[in-house]
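Take a walk through this structure, from one side chain to the sheet, the core and the charged pairs. Keep the sequence and the 3D view side by side.

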Amino acid sequence: MIINTGQRTDIPAFYAEWFANRLREGFVCVRNPYNPVQVSRYRLHPDVVDVIGFCTKNPAPMFPYMDFLKDYGQYWFVTITPYGKDIEPNVPDKHKLLSDFQKLSGLVGVPSIGWRYDPIFISDRYTEEYHLHAFEQIASALDGYTKTVVISFIDLYPKVKRNFPEAKEVTKQQRIRLGGSFIEIAASHGMTVKPCAEGTELAAYGADCSGCMTIKTYEEAIGKRLIAPKKKGARAECACYLACDIGAYNTCRHLCRYCYANAENAKVIKLSKQHDVNSPFLIGNYMEGDKIHDVPQKSWIETQMSMRL
């Protein structure tokens with residue numbers, strides 16, 4: 001099976017020690033965000049967990065604990081954007097992130113890491129020309145360290161509108177101009193552009209519009225075929241295989257203004273104070289009335305065909 005860590009928060013950046021403790025103890029508990037008394041308990045062991053998927057803006061805090069992951073298949077998305085502290089107040093220096101990406105690529109292997117350049121928005125400061133220059137610089141630095149770059153354009157969810165009211169939708173003309181140029185730049189550095197939940201409008205320009213975190217992505221990372229049960233993406237337009245996420249909303253302290261997973265900064269700070277590195281839960285601990293469900297788990301690896309893809 002696949003365990004995901006990055007749709008609700010950034011575990012490597014802020015909760016690496018906790019996650020290492022969960023791997024050490026062999027299980028993790030996750031509250032249903034819509035019905036908190038419902039708790040899913042997952043076993044963490046390579047016998048039943050084929051791949052762990054990460055999505056982070058700062059992988060470095062996880063580096064001291066990589067030995068805990070050595071027996072698991074892994075796939076990492078590392079987000080590196082061109083935005084400053086006005087948009088991403090707590091994201092580390094981008095030059096350090098480039099160096100950390102290169103280090104992580106060496107640890108897990110090129111097939112197991114991808115770069116995310118998203119979400120993309122246009123403003124007086126972050127113009128189309130700015131994005132093109134920044135994309136070229138980052139792609140050049142990551143040449144040889146990944147074969148994948150995921151792009152997406154900002155979605156104006158209610159949370160985003162509240163925290164980033166001046167954000168504007170990117171027009172189709174802007175998407176085509178930027179997307180087409182990104183595809184050319186990426187190709188010159190050995191990368192394929194994968195739009196995230198953007199439909200197929202960039203397919204004609206050479207983008208791979210099949211999804212960014214698909215079963216094929218995981219298979220190529222571990223070199224084995226997976227017989228996975230059918231799952232839907234997070235949204236109707238999403239083709240990714242997203243399930244079994246062990247994170248929690250309103251806990252990412254990057255506090256990016258475009259974030260869809262945080263309602264408001266004050267709530268993030270409050271919940272973060274309830275984090276205990278020794279708890280089975282990312283936030284808090286067991287509570288009276290908890291209904292704990294041990295999730296049925298098994299390996300999805302096709303034993304009859306486990307050669308390198």
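Which backbone oxygen does the side chain of Asn-262 reach? It is that of Cys-252, at 2.9 Å. This is a predicted model. Asn-262 sits in the loop between α7 (215–222) and α8 (265–272). With a relative accessible area of 3%, Asn-262 is buried, because buried means under 20%. Its surroundings include Lys-159, Asn-163, Asn-250 and Thr-251, all touched by Asn-262. Leu-255 and Val-268 are also among the residues that Asn-262 touches.

Now turn to the sheet. It is open and has 6 strands, in the order β1-β4-β5-β6-β7-β8. The pairing is parallel. Why do β1 (2–4) and β8 (192–195) each have one side without a neighbour in the sheet? They stand at the edges with a single partner strand each, so one side of each is left free of a neighbour there. On average, neighbouring strands of this sheet are turned by 25 degrees against each other, direction ignored.

Look at one pair in detail. Strand β4 (residues 51–56) runs parallel to strand β5 (residues 73–79), and the two pair over 6 bridges. Here Phe-54 of the first pair member stands opposite Trp-76 in β5. Helix α6 (residues 172–188) packs on the sheet. The helix touches β6 (113–120), β7 (148–153) and β8. The direction of α6 makes about 170 degrees with that of β7.

Next comes the core. The largest nonpolar core has 92 residues. Phe-19, Trp-115 and Tyr-117 have the most contacts inside it. The residues that Tyr-117 touches include Ile-80, Pro-82, Phe-135, Val-150 and Phe-182. His-131 and Ser-152 are also among them.

Finally, the charges. Side chains of opposite charge can pair when their charged atoms come close. The whole structure holds 11 salt bridges. One of them joins Asp-294 to Arg-41, with the closest N and O atoms 2.7 Å apart. Asp-294 lies in strand β9 (residues 291–294) and Arg-41 in strand β3 (residues 35–43), so the pair ties together parts 253 residues apart in sequence. Asp-294 is partly exposed at 47% relative accessibility. Arg-41 is partly exposed too, at 26%.

Another salt bridge stays within one helix. Asp-100 and Lys-96 meet at 2.6 Å, N to O. Both lie in helix α3 (residues 94–108), 4 residues apart, about one turn of the helix. Asp-100 is buried at 8%, whereas Lys-96 is partly exposed at 39%.

Technical notes:
Residues numbered from 1 in each chain as written. Predicted model: local features only at pLDDT ≥ 70, side-chain atom pairs only at ≥ 80, totals over all residues. Heavy atoms only, no water. Buried < 20%, exposed > 50% of the residue type's maximum accessible area, 1.4 Å probe, protein only. Polar contact = N/O pair within 3.5 Å; in protein donor to acceptor, adjacent residues only side chain to side chain. Contact = heavy atoms within 4.5 Å. Core = buried A, V, L, I, M, F, W, Y, C linked by side-chain atoms within 4.5 Å. Pairing = 2+ DSSP bridges. Axes fitted to C-alpha atoms, helices over the stretch in contact; angles between N-to-C directions. Salt bridge = Lys/Arg side-chain N within 4 Å of Asp/Glu carboxyl O. Lists of a residue's contacts leave out its neighbours within four places in sequence.
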